[in-house]
Amino acid sequence: MQDNLPELRDIHLPEGVSFWPPAYGWWVLLAGIAVAAVLWTIIRRLIRRSRKKYALRLLAQCPLNDIYAAREISKILRRICVLKYKSAAALFGQAWLDFLNDHCKHKLYGNAATLLLNAPYIKPDSNDYNSNEVDELREFCRDWIGENL
């Protein structure tokens, strides 16, 4: 029995596994995450662009220079606020106008601002507004959509 002992050798452990280069599965996972991030960005841009186009199309379909146009512009602005600024959808009066002016470089003031605030309550046959005010309101809405959608 003692004759076998000289033939025994110490146990040698293998070297540790290297951290680099990672296995193919990690490369596939990393590529998948990168592709998902790029797709997410592209889809978000397309959705944002389509919302803006839709709102501008609604604005273009408004009647030209009557009280219905002012009502529709008010509805379009409200719909955008319901989508993007949830708390602002419940504003009315001067608070609503201040909110709109705070979120746009082009400020709305004077008779056009009064028209926006009072449009839902004006009778269709009323002459309390001017067609220039409706045009100014339409231009404000176009600018506001461009900056907020």
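The following dialogue reads selected features of a predicted model.

Me: Which residues form a nonpolar patch on the surface?

Reply: Such a patch is made of exposed or partly exposed nonpolar side chains that lie within 5 Å of one another. In this structure Phe-19, Trp-20, Tyr-24, Trp-27 and Leu-30 form one, and together they have about 750 Å² of accessible area.

Me: Is Tyr-24 buried or exposed, and in which helix does Tyr-24 lie?

Reply: A residue counts as exposed when its relative accessible area is over 50%. Tyr-24 has a value of 73%, and is therefore exposed. Tyr-24 belongs to helix α1, which covers residues 24-60.

Me: How many residues are in the largest nonpolar core, and which of them touch the most other members?

Reply: A nonpolar core joins buried residues through their side-chain atoms. The largest one here has 33 residues, and those touching the most other members are Leu-77, Phe-99, Leu-100, Leu-108, Leu-115, Leu-116 and Trp-144. Two or more residues come from each of α1, α2 (67-84), α3 (93-102), α4 (111-118) and α5 (131-148). The largest share, eight residues, is that of α2.

Me: Which residues does Phe-99 touch, leaving aside those up to four places away in sequence?

Reply: With that exclusion, Phe-99 touches Cys-81, Tyr-85, Ala-88, Leu-91 and Trp-144.

Me: Why does Cys-81 form no disulfide?

Reply: A disulfide requires two cysteine sulfur atoms within 2.5 Å. The closest cysteine sulfur to that of Cys-81 is in Cys-141, 10 Å away, which is too far for a bond. For Cys-62 the closest is also in Cys-141, at 7.3 Å, again too far. A search of the whole structure finds zero disulfides.

Me: Are these two cysteines, Cys-62 and Cys-81, buried or exposed?

Reply: Buried means under 20% relative accessible area. Cys-62, at 6%, is therefore buried, and Cys-81, at 0%, is buried as well.

Note on methods. Residues numbered from 1 in each chain as written. Predicted model: local features only at pLDDT ≥ 70, side-chain atom pairs only at ≥ 80, totals over all residues. Heavy atoms only, no water. Patch = residues over 30% accessible without salt bridge, like charges linked within 9 Å, V, L, I, M, F, W, Y side chains within 5 Å. Areas by Shrake-Rupley, 256 points an atom, 1.4 Å probe, with all protein chains shown as cover. Salt bridge = Lys/Arg side-chain N within 4 Å of Asp/Glu carboxyl O. Helix = DSSP H or I, 4+ residues; strand = E, 2+ residues; numbered from the N terminus. Buried < 20%, exposed > 50% of the residue type's maximum accessible area, 1.4 Å probe, protein only. Core = buried A, V, L, I, M, F, W, Y, C linked by side-chain atoms within 4.5 Å. Contact = heavy atoms within 4.5 Å.
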